[in-house]
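Me: I am new to this structure and would like a close look at a single part of it. Please choose one spot and walk me through its surroundings, step by step.

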Amino acid sequence: MQVDGSTVVLGIFGDPVEHSLSPRMQNAAIAAAGINAVYVPFHVEKGAVGAAVAAVRALGLLGVNVTVPHKEAVLPYLDAIDAEAEMIGAVNTIVNRCGRLIGYNTDGQGFLASLRSDLAFDPGGRKAVVLGAGGAARAAVAALAKAGAAAVTIVNRSRDRAETLRETFRGPFPDTELSVCAMDPEKLEGFVLAADLLVNTTTVGLHGD
């Protein structure tokens, strides 16, 4: 990789971000495509989200991906939000179109593609348990419901946050039974044993633990 005055910069916002495999994957793809660009990680702390998003425009970055815990926090700072991202209530990709920042969410599409290609799993008519209630969880619940899941149970340390997520999707997905469970081993056991799929969207495992 050779960086010069014409090199386009892309990246990923997160806190933490050093665990992310995105720079390795994206730079390999950029090199294979012969594009004069570089993809870098940006450690963005909670209080700096607005300034970081503004920097995308100010520095002329082509765009950035967004990971935990900023997928919901970036929303107020964008000029426009794609319909899918607006429905999910979280953004994982910001594209800079001539100074206009547009938010997208590709998490759900990627999640379903991975289920089908890697696990040969079709959510239609099946039961799932989703751990977490943040941006990634929102995308996973929406994707499962859109794919026709019979039931999705949302498990989170903060029950109120899980309840909010459930209420958000009850209207758009009336055919999927949405329920909430506290992070209690005894209560959770029944849901997990009855489920066809367990999805972890929490930060547990980010460092290989």
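Reply: Here is a walk through one pair of rings and the elements around it.

This is a predicted model, in which local features need pLDDT of at least 70 and side-chain atom pairs count only at pLDDT 80 or more, while totals for chains, interfaces and linings use all residues. Residues are numbered from 1 along each chain as its sequence is written, and side-chain values use heavy atoms, with hydrogens and water left out.

Let us begin with the rings. Rings of Phe, Tyr and Trp (its six-membered ring) pair if their centres lie within 6.5 Å; planes under 30 degrees apart are stacked, over 60 edge-to-face, the rest tilted. The model has two aromatic pairs by this rule. In one of them, Phe13 and Phe42 meet edge-to-face, with 5.8 Å between centres and 80 degrees between planes. These partners are 29 residues apart: Phe13 belongs to strand 1 (residues 8-14) and Phe42 to strand 2 (residues 37-43). Strands (E, at least two residues) and helices (H or I, at least four) are DSSP runs numbered from the N terminus.

How open are these two rings? Phe13 has a relative accessible area of 5%, so Phe13 is buried, whereas Phe42, at 27%, is partly exposed. Buried means under 20%, exposed over 50%, and partly exposed in between (1.4 Å probe, protein chains only).

A neighbour worth meeting is His70, in the loop between strand 3 (63-66) and strand 4 (80-81). His70 is buried at 2% relative accessibility. Setting aside residues up to four places away in sequence, His70 touches Phe13, Gly14, Asp15, Val44, Glu45, Lys46 and Val49; here touching means heavy atoms within 4.5 Å. A polar atom of the His70 side chain lies 2.5 Å from the backbone oxygen of Val44.

Now the strands that carry the ring pair. Strand 1 and strand 2 run parallel and are joined by seven bridges; two strands pair if DSSP finds at least two bridges between them. Within this pairing, Ile12 has Pro41 of strand 2 as its bridge partner.

Stepping back, six strands make up an open sheet with mixed pairing, in the order 2-1-3-5-6-4. Strand 2 and strand 4 stand at its edges with a single partner strand each, so one side of each has no neighbour in the sheet.

Note on methods:
Polar contact = N/O pair within 3.5 Å; in protein donor to acceptor, adjacent residues only side chain to side chain.
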